[in-house]
Structures are given as C-alpha cells and as structure tokens.
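Subject: Handing over the structure

Dear colleague,

I am passing a structure on to you, and I would be glad if you could open it before reading the notes that follow. They go through the aromatic rings, one helix and its surroundings, and the spaces inside the protein.

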Amino acid sequence: MVSTYFSYSYITRNLKQSLTRIEQQADVAREAAYYKANIGKVKTVDDFMKDYRLYHYAMKAYGLEDMAYAKAFMKKVLESDLSDSNSFVNKLVDKRYQEFAAAFSFNGGATPVAQSENQIDEMIDLYTATKKSQVDALADDSKYYSAEIGNISSADQLLNNDRLRNYVYSAYGIDQSKWPSDTISQVLRSDPSDPNSYVNTTFASQLTGLNAQLAQAKSDASAADLKIADYKAQLSQPGADVTKLNIQILVEKSHLESYTKSISSLGDQITTIGGFVDLAGAFEFSSDGSLPSGVSAQTAANVTITKKRFDDSKSAVYSAASPLNEAFAARQFRTAILKVNSVQAFVSTPAVYDFALGAVGLDPKGVSEATVKAVLESDLSDPKSFVYTLKDNRYVELARAFNFDAKGNLTTPLVAQDSAEVVEIAKNYVIAALKQASPQQQTAVRAQATKDATAYQEAIAGIDSVSDLLANRPMVDFILVAKGLDPKKVSTEFLEKIFSSDLNNPKSFANTQSDPRFADIVASFNFDSKGNVARLPMMGPQKRDQFRETQANYLQQSLEQQQGDTNPGVRLALYFQRKAGEITSAYDILADKALSEVFRTTFDLPDSMASMQIDQQAKVVDRFMKIKDLSDPAKVAKLLSRFSAMYDVRNSQSIDQGQSPLLNLFQGSSSGISGISESTFLAIAKLRAH
C-alpha cells in the first residue's frame, strides 16, 4: 500500500491534473453534464429536491450526502435568509449548511426594485450636487455678463453672443423658440419714449386692447363661476330639473375653461410686451443698432436691473437648491420611490419623476413622458438601444439609476457585484486580517478591517466596468486579501488577462491557471464580454459563480472520497487543506471532527483529549499551532506533510507492538507548523512503505 505521505504529496503537487482525471471519469462527467443541463429548469426548492440527481449532486458537492434523506430539514436550510442572523440556517453550528444555502438564490437573492438603497442614496446625492452645480452656473453666467457687456458695441453683436443673448432673454422673459432674432434686434434699437419707435408701434400699441380683452375675460369667468354656483344651489331645491341643470353646469364649465385659457394667454402676451418695452429701455443702442461714441450698451443701473431680473427668472432654481426644499424633496422621493413598481408608475408620480429628472439635469417640463419611458426601458448593454440614440449622457445616467426591463417592469439592480457577494468578500477580508493579528492586536485590527470593508461596500456601487475596478488598486487588493492571495504578487496586467477571459472556455487564461481563485474572482462580478456591468442570466436558482463553485466542489469531494476509499488519511489531509483558509480560531478546529483528528494526529495527541473542557482543548490547539499560519499555503503544506507521516506511523502495525521509535523524532516539536524537514518526512514514509 502506498503511504499517506506519498499519496498526499503526489496529489497536492499535481492537484489540477488530479482533478482533471476525476472530471474525465465517466460517472463524474455524466452527473456534471446532467446538472449543467437541468439546473436552469429549476424554479422552486421543491423542483430542486424532486430531481434526485440534481439534489444529490449538490449535496455531495457541499459534503452533505449523509443528510440527503432529511429533505424537510434541507428545505428549511435552502429557504433560510442568510442576511438574517436569526434564520434557521444561521443558528446551525455546522458551516456546511450555510455554504449550501449560499450556493443557491431561492431566498435572499437580489429583489426587483425600482431602486436599491444604494441607488436611492446616490440619486439624492446627485440631486444635491446638480442643484448646487446649477446655482454655481447661474453665478458664473452673471459674472460673465458683468465682464462682457461693456465690450458690446452693437445690438447684433449682443445677439450673436450665445451666452449673453441667453442671459438677456431669461432676464426679460423672451422665448427664443417664438421670437426671431430680427424682431428682438429691432426691439433693442427702439426708444420706448418715442411713440413712433418699433417697440411702441408693434407691441405697446396692443396693450390697451389686450388689457380690455383681459378684463372682459376675467368678468366672463367670474360670471360663469356665479352661474355654476347658482345652478348647483338649484339642484338641491324641490322639483328641480336635475337633467337640465346638470347640462347647464357642464355648458358653463366649458365656458369657464375657455375664459381661463384666454386669461392665461392674454396675460402671457401682456407680460411679453412689457418685457419688450423694458428690454428696449435697458439698452442704449441707436436705431441702426450701433452705440453713440463713448456710450456703453447699458448703464450701471441697467446692468444691475438686468442681473436682478435674471436672478428673479431663475427663482425656481434657487428655491429648489435651498437646504430646506432639498431636504423636503429628498424625503418625498425616498418615500414615493418605494411604491413605484413600473415605468408607468414612475412617470405618474411627480415626487419621483420631477426629482429624478432634476437630479440628472433635465427639465421635467421640457421632456416628454414618452421619451422618458423609452429611456427607462432601454437595454444599456445594447449600443443600438433608444437611450443611446439621444446622444445625451443625462438620459444614460437616468436609465442607469433605475431598474426597469424592456416591458417597463421592475428588474434587479445593475451592479458590479450582488449584495451577497459583497458581504461575503467583506466578511472574508475581516477574517483574513484577524488571522494575521496577535491577541493584543485583535480589537484594533478588527476595527480597521471593518472600516475597510465598509469602504469597499460603498465603493463597489460606483464600479461600472472592469476598467473602473482595476483602476482602483485599493479595491483590487481588498478582493485579493479576501481570497487569501498576496496583492504584492498579483499585477494589474495579470488581472486584465484574467478578467478578459471567457469563463465558459476551459482553455481560457483564467481557467488554465493553477490557482482557481482567480477564475472565482471573475465569476463573482457581473461583467459582460466587453467588461461592462450587465445583468447576467441566472442558471435557474444559481448565479454564474454559484454554479462554478458547486461543480468545483463536486470534483473536490469526488477526489477526496475516492482517495478516502484507498487511504482515509489522504482524505483527511485534503479536507484540512480545503478548510484551512476558513479556520479563524481553535474552536473551528474543535467543532469539526475531521479537522480535530488531523490536529491530534499531527501532534501525536491522544483521542482522549476530546473529553477535556472545550476551553482547555482550545488552549492546547493554540499552544501547538498558530492559527494565522493556516493562511499561508506553504505552512499548511508543511503541517499536512507532518500529518501524513504521523498518520502512517500511528496507523502502522508497529503501533500494536508499542510506540514506534519514529515518534521520538517529533518529541520537543510542540508548537508551530514548521520544525521537521522534508527529508525526515521522506524517511518516515520510506520506513512505512517497508
């Protein structure tokens, strides 16, 4: 029989080849192919558990074959909410159940929402930033106007300067879409004190008639109001002709609507004419559009008046940017967005619609609802979709901020990493940091690691592509540490190749690496083939990384089981190697029967140690082993080399004849993982083979 030491050493030196051989075995390949072909058809836990082959494949992958019979128990595991510390699965001591539940998204997966909490917070921050930017832009416009108006020498020069023209038009209420520049040029050349000037003959002369019409419209509206009130009062009188009265009410309401529109229209015309007269009086241009020698386009007093009028015209912008109004709008938005369940609901909810468009710098009154609906239903991963045809990044920003599908229904948030993945990476980072800390450093290290984890969770929300991620090296290092990798040994260039790999191609760069953790990192992100964030398709109840992990675990379990059939010691060593990265304290070892056996065998401790008080056992573990060394693959390899040699010694026939003299080689080596040379292990193995 080949020794445990030789078998384990050979497998670990050729682990990828060993797993490939397992993968190519007919029964393993058959079950893997069945799982891949059918897991996408599963919609519920019951569907999953009714399919014997799918269910048993997954149970084996997570080392739970012996619990396959307990379907009611396992159903509760799968339906548990991993984010709830009081859920069924989180109360179980054995971590295998949590790992199994995390491999599926039957519960606790991403929920379709119009916006996630992060998206809501980002939209509110964007709204605040946009409002501030708009106010700053107005201040810049006024500053520019003050600096440049003195350099203007003609009416046409003023109108040909887009920025100055827009400023003046806003100040005097002129709608560019309605009034050609030639008309405004003639107004600027007019003298409002001259009754024969253009502004007076063309516009001001209309005021008498318009005011008369306005007065009549108001009178008619008032009369219609009185009639409606009178007819309504008659309805309650005995013997009233209800049908006739209702018809008369409808007629008067129609009249009232017409009068109201007239009042509005006449008021706008009068205001516009007043603005033209004021505009003519605010500038010093001659009738030919020039300026008299030594005269500025405006007096200092008129510059001040124009700037005040401009500010008054932008009162809505200033008001919206006030802290009080901003806070009120944000509160309304935060409450209303929770009730939005479709694009139609979005455009029908002013507290959401106006706020969202305002946040990206769009005027809700200047954009059609049809355009907004088409934008929100666009496929951001398709460069030909509607939102990109507008050639306006504000619309793209709006579409990215919400989660609607092509039919206007809710879908899951578009994020670089799902929340469960983010939480898992954050948790693993904290664990990795604590492993390297001494007991005295634990509190400070935990606080800093938790702070780093929070920063990662906030930063990941802003990642839109692989380029964004790799450009942020602190984030990259955080991920590598969480995965147990040394950031100093992993270059950005290497990661670019990893992330550009096709995970569906077994020959791709990521899949041919000896360390599968790099491919696992890629699988944990939602990047498409172009490196952009996308909503990747689910395989039934599993995301891409969950599926890959299940298949990888199945191969590992198959390898361990097959080795265990020949030599239980090899299986124990492989199991310990797989679990080493998850061990954070002596109690993790003591809570696992297999890990405990490896520990006791490695340091030649009696099985009766298990009867000691748990705290005493933990002290023994800490005396013999440094938990932080289990994060170092080289030190774990030395530990397991020692275990495999000791396992052979402990289980040799010489044990029946009394303690083997080989055990004396290990006396005095009571702490740490190193201490015995490779040549010593080899010597022990050779003696065992004889």
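A good place to begin is a cluster of aromatic residues in which ring pairs link Phe-48, Tyr-55, Tyr-62, Phe-100, Phe-104 and Phe-106. Please keep in mind throughout that this is a predicted model.

Aromatic pairs come to 36 when rings are paired if their centres lie within 6.5 Å. One of these is formed by Trp-179 and Phe-203, and because the ring centres are 5.7 Å apart and the planes stand at 75°, the pair is edge-to-face. Trp-179 is found in the loop between α10 (162-171) and α11 (181-188), while Phe-203 is in the loop between α12 (198-202) and α13 (207-235), so the pair ties together parts that lie 24 residues apart in sequence. As for accessibility, Trp-179 counts as partly exposed at 27%, whereas Phe-203, with a relative accessible area of 6%, is buried.

A further pair is made by Tyr-456 and Phe-478, whose ring centres are 4.6 Å apart and whose planes are at 10°, so this pair is stacked. Tyr-456 belongs to helix α24 (residues 442-459) and Phe-478 to helix α26 (residues 473-482), so that the pair links distant parts of the chain, 22 residues apart. Tyr-456 is buried at a relative accessible area of 3%, and Phe-478 is buried at 5%.

Charged side chains also meet rings: the charged end of Arg-53 sits over the ring of Tyr-34, 4.0 Å from its centre, and the charged end of Arg-163 sits over the ring of Tyr-144, 4.4 Å from its centre.

Which residues of helix α27 are buried? In this helix (residues 492-499), they are Leu-495, Ile-498 and Phe-499. Seen down the axis of α27, the buried residues fall within an arc of 90°, so they line one face of the helix. Among the elements that cover these buried residues are α25 (466-471), α26 and α28 (517-523).

The same region can be followed into the largest cavity, which is lined by Leu-469, Leu-470, Val-476, Ile-479, Leu-480, Leu-495, Phe-499 and Ile-521. The elements that give two or more residues to this lining are α25, α26 and α27, and the largest share, three residues, comes from α26. About 50 Å³ of space lies in this cavity, and the structure holds one cavity of 30 Å³ or more.

The second largest pocket, by its volume, contains about 900 Å³ of space. Its lining is made up of 29 residues, of which Lys-131, Gln-134, Val-317, Asp-363 and Pro-364 lie nearest the centre of the pocket. At least two residues of the lining are supplied by each of α8, α10, α16 (315-320), α17 (323-336) and α19 (350-359), and α8 provides the largest share, six residues.

Helix α8 (residues 117-148) is also the place of Thr-130, which is buried, with a relative accessible area of 12%. Beyond its neighbours within four places in sequence, Thr-130 is in contact with Gly-358, Ala-359, Val-360 and Gly-361.

With best wishes

Terms used: Residues numbered from 1 in each chain as written. Predicted model: local features only at pLDDT ≥ 70, side-chain atom pairs only at ≥ 80, totals over all residues. Heavy atoms only, no water. Phe/Tyr/Trp six-rings, centres within 6.5 Å; stacked < 30°, edge-to-face > 60°. Helix = DSSP H or I, 4+ residues; strand = E, 2+ residues; numbered from the N terminus. Buried < 20%, exposed > 50% of the residue type's maximum accessible area, 1.4 Å probe, protein only. Lys NZ or Arg CZ within 6 Å of the ring centre and 35° of its normal. Arc of directions from axis to C-beta. Contact = heavy atoms within 4.5 Å. 1 Å grid on protein atoms, 1.4 Å probe; cavity = no way out; pocket = protein on both sides within 12 Å on 5 of 7 lines; lining within 4 Å. Points joined across faces, edges and corners; volume = space filled by probe spheres on them.
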